Amino acid sequence: MKYKKTIGIYFSKPDVLDYPLNKKCYFESYAKLICDLASQDILCVVVRGDSYMGKGKFSHYFIWETDTYKKINQSITVDVIFNRD
């Protein structure tokens, strides 16, 4: 699927289920946000830690997949960084 835009939600801790996604309310809220954006043809991913490479590019990222967040070990360039640090 081709998306209109890509948004990266940034958290400083490195592991996908580190804070805030280790809290049920945040885990579910961000999953809902990601799904809602996908329905609008916007890809929303979670980016963490020191994966930022500059100019909107990250070395790896996490996607929401059915019931959990899955790590994707490839680089991605996002249009917007939503810095939640």
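A salt bridge is a side-chain nitrogen of Lys or Arg within 4 Å of a carboxyl oxygen of Asp or Glu. The structure holds three salt bridges, and they are shown in the first two views. This is a predicted model, in which local features need pLDDT of at least 70 and side-chain atom pairs count only at pLDDT 80 or more, while totals for chains, interfaces and linings use all residues. Residues are numbered from 1 along each chain as its sequence is written, and side-chain values use heavy atoms, with hydrogens and water left out.

**View 1. Two salt bridges lie in helix α1.**
Helices (H or I, at least four residues) and strands (E, at least two) are DSSP runs, numbered from the N terminus. Helix α1 covers residues 24-38. Lys 24 forms a salt bridge with Glu 28, and their closest N and O atoms are 3.9 Å apart. These two residues are four apart in helix α1, so about one helical turn separates them. Buried means under 20% relative accessible area, exposed means over 50%, and partly exposed is in between (1.4 Å probe, protein chains only). Lys 24 counts as exposed because its relative accessibility is 61%, whereas Glu 28, at 44%, is partly exposed. In the other bridge of this helix, the side chains of Lys 32 and Asp 36 meet at 2.9 Å, N to O. Lys 32 and Asp 36 are also four residues apart, about one turn of the helix. Lys 32 is exposed at 52%, and Asp 36 is partly exposed at 38%.

**View 2. Lys 70 and Glu 65 form a salt bridge.**
The N to O distance between the two side chains is 4.0 Å. Lys 70 has a relative accessible area of 38%, so this residue is partly exposed. Glu 65 is partly exposed, with a relative accessible area of 38%.

**View 3. Phe 27, Trp 64 and Tyr 69 are linked into a cluster by ring pairs.**
Rings of Phe, Tyr and Trp (its six-membered ring) pair if their centres lie within 6.5 Å; planes under 30 degrees apart count as stacked, over 60 as edge-to-face and the rest as tilted. The structure holds six aromatic pairs. In one of them, Phe 27 and Trp 64 are edge-to-face, at 5.4 Å centre to centre and 80° between the planes. Phe 27 lies in helix α1 and Trp 64 in strand β5 (residues 61-65), so this pair ties together parts that are 37 residues apart in sequence. Phe 27 and Tyr 69 have ring centres 5.2 Å apart and planes at 90°, so their pair is edge-to-face. That pair links helix α1 to strand β6 (residues 68-72), across 42 residues. Both Phe 27 and Tyr 69 are buried.

**View 4. Tyr 69 belongs to the largest nonpolar core.**
A nonpolar core is a set of buried Ala, Val, Leu, Ile, Met, Phe, Trp, Tyr and Cys residues joined through side-chain atoms within 4.5 Å. In soluble globular proteins, nonpolar side chains tend to be buried together. The largest core here has 16 residues, and Leu 21, Val 46 and Tyr 69 touch the most other members. At least two residues come from each of β1 (5-11), α1, β2 (42-48) and β5. Helix α1 gives the largest share, five residues. Contact means heavy atoms within 4.5 Å. Not counting residues up to four places away in sequence, Tyr 69 touches ten listed residues, among them Val 16, Leu 17, Tyr 30, Ala 31, Ile 34 and Ile 63. A second, separate core of eight residues includes Val 45, Val 47, Phe 58 and Ile 76.**View 5. Three strands form an open sheet in the order β3-β4-β7.**
Two strands pair if DSSP finds at least two bridges between them. The pairing in this sheet is antiparallel. Strands β3 and β7 (76-77) are the edge strands, and each pairs on one side only. Strand β4 (residues 57-58) pairs with β7 over two bridges. Lys 57 stands opposite Thr 77 in β7.

**View 6. Ser 51 is found in the loop between β2 and β3 (52-54).**
Ser 51 is buried, with a relative accessible area of 1%. Leaving out residues up to four places away in sequence, Ser 51 touches Lys 57, Phe 58, Ser 59 and His 60.

**View 7. Cys 25 and Cys 35 are in no disulfide.**
A disulfide is a pair of cysteine sulfur atoms within 2.5 Å, and the structure holds zero disulfides. For Cys 25, the nearest cysteine sulfur is that of Cys 35, 17 Å away. For Cys 35, the nearest is that of Cys 44, 9.8 Å away. Cys 25 is partly exposed at 47% relative accessibility, and Cys 35 is partly exposed at 39%.
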